[in-house]
Every structure is written in structure tokens, then in C-alpha cells.
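Subject: Structure for you to look at

Dear colleague,

I am passing on a structure that you have not seen before, and I would be grateful if you could read my notes with it open beside you.

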Amino acid sequence: CSLNDPDRDVKRIFPESTGYKTTFVTIKEKGGEALKKEVEEKLKDKLEPVYENMDVPYAFYTVLKGKDPIGYIHGVNQKGKYGGMQLIVATDLNGKIVDFYYQKMSSPEAGKFMNTKFTSQFNGLTLDDFIKGNISVNDPSANSPEDSRATLRGLKKNMILLDLLLLSQK
């Protein structure tokens, strides 16, 4: 999923940035069926055939200070209890989360999920934390544990895709 307002979002997350470069990548072009299987193995779940297929283009924003990269921003779509969610993750150059937010969430409890008290719990986490299950966050909802699980799945997927489609390619 692409950023709604990349100029604003990049500057808000990385105030020291002087620009960014956008790259669109698909699982199909970076490794096809073998890469899809690797994503599914790490995710411990099958990719949804419609909105997670191999042809879906993922937008990666490489944030720059001068000519040097200082971080990445990447988003994914994830199905929640009440519909689609757009999860945006910003990381440092090593893939550690520096910011996470919902660009879109359809839920009567969206405000609880979008609150920085919840989203900031993910700052500092890496793909390794998601793979090993080293994540202890409080579900902010009263009636939407499905959205909490969907958030964790979407963030893990986001981190896997960042690693396999961008970081390991460098």
C-alpha cells in the first residue's frame, strides 16, 4: 500500500530527511513461487490469493538525507474484523521499527488501535522479534481481538516483505 501523502509522512517520521526514493516491487519479480513459499513459511500462514498474491506491487520508500539512506517506510494491506487495514511501518536501515501507524482502519474501535499508546509498543522491534514471537503488546480493544491478531499478522508480513524484497537485496 502506498502512502496517501508521502511528502508529509516522510517529513513527520524522519524530520531530518531531505527527500525519498520510491520503489515498487512484487514477489513475482523478486523470486516468484519460491519467494512466496519463503514468505508463507516465515509468516506461518498462507498468503490470501486476492490481495496478497505475487503480482501485488509493494511500495518501499527509501528515506534520504542528502544522497544517503537513513530509513525505510513500507505499508501493507491486511484484512481485519471489519474490513481492510493499511499498516505503515518506518524502520531504520537495519529494519528496526521507529514508527508504526494505521493509514486506514475500518473498526468501531479504530481510535483505540490508532492511539500512539498502542502503536508505540512496536517501536524498537525487528523481524527477529516477530519470528521468535518476542512480542508482548496489550490488545487495546474491548470487542476486536481479531483486529489485534490481524495487526500482528500484518506487521509480521510487513517486516518479512521488507527483509526479503528490500534489505536482503542490498
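Below are some notes on the sheet, on the helices that touch it, and on one residue.

Please keep in mind that this is a predicted model, in which local features need pLDDT of at least 70 and side-chain atom pairs count only at pLDDT 80 or more, while totals for chains, interfaces and linings use all residues. Residues are numbered from 1 along each chain as its sequence is written, and side-chain values use heavy atoms, with hydrogens and water left out.

Five strands (DSSP runs of E, at least two residues, numbered from the N terminus) make up an open, antiparallel sheet in the order E1-E2-E3-E4-E5, where pairing requires at least two DSSP bridges between two strands. Because E1 (19-25) and E5 (97-105) stand at the edges with a single partner strand each, one side of each has no neighbour in the sheet. Strand E4 (residues 83-91) is joined to E5 by seven bridges, and Met85 has Met105 in E5 as its bridge partner.

Helix H1 (residues 6-13; helices are DSSP runs of H or I, at least four residues) packs on this sheet and touches E1, E2, E3, E4 and E5, contact meaning heavy atoms within 4.5 Å.

Thr119, in helix H5 (residues 116-119), is buried with a relative accessible area of 4%, where buried means under 20% (1.4 Å probe, protein chains only). Beyond its neighbours within four places in sequence, Thr119 contacts Phe100, Tyr101, Tyr102, Phe113 and Met114.

With best wishes

Definitions and conventions: Buried < 20%, exposed > 50% of the residue type's maximum accessible area, 1.4 Å probe, protein only. Axes fitted to C-alpha atoms, helices over the stretch in contact; angles between N-to-C directions.
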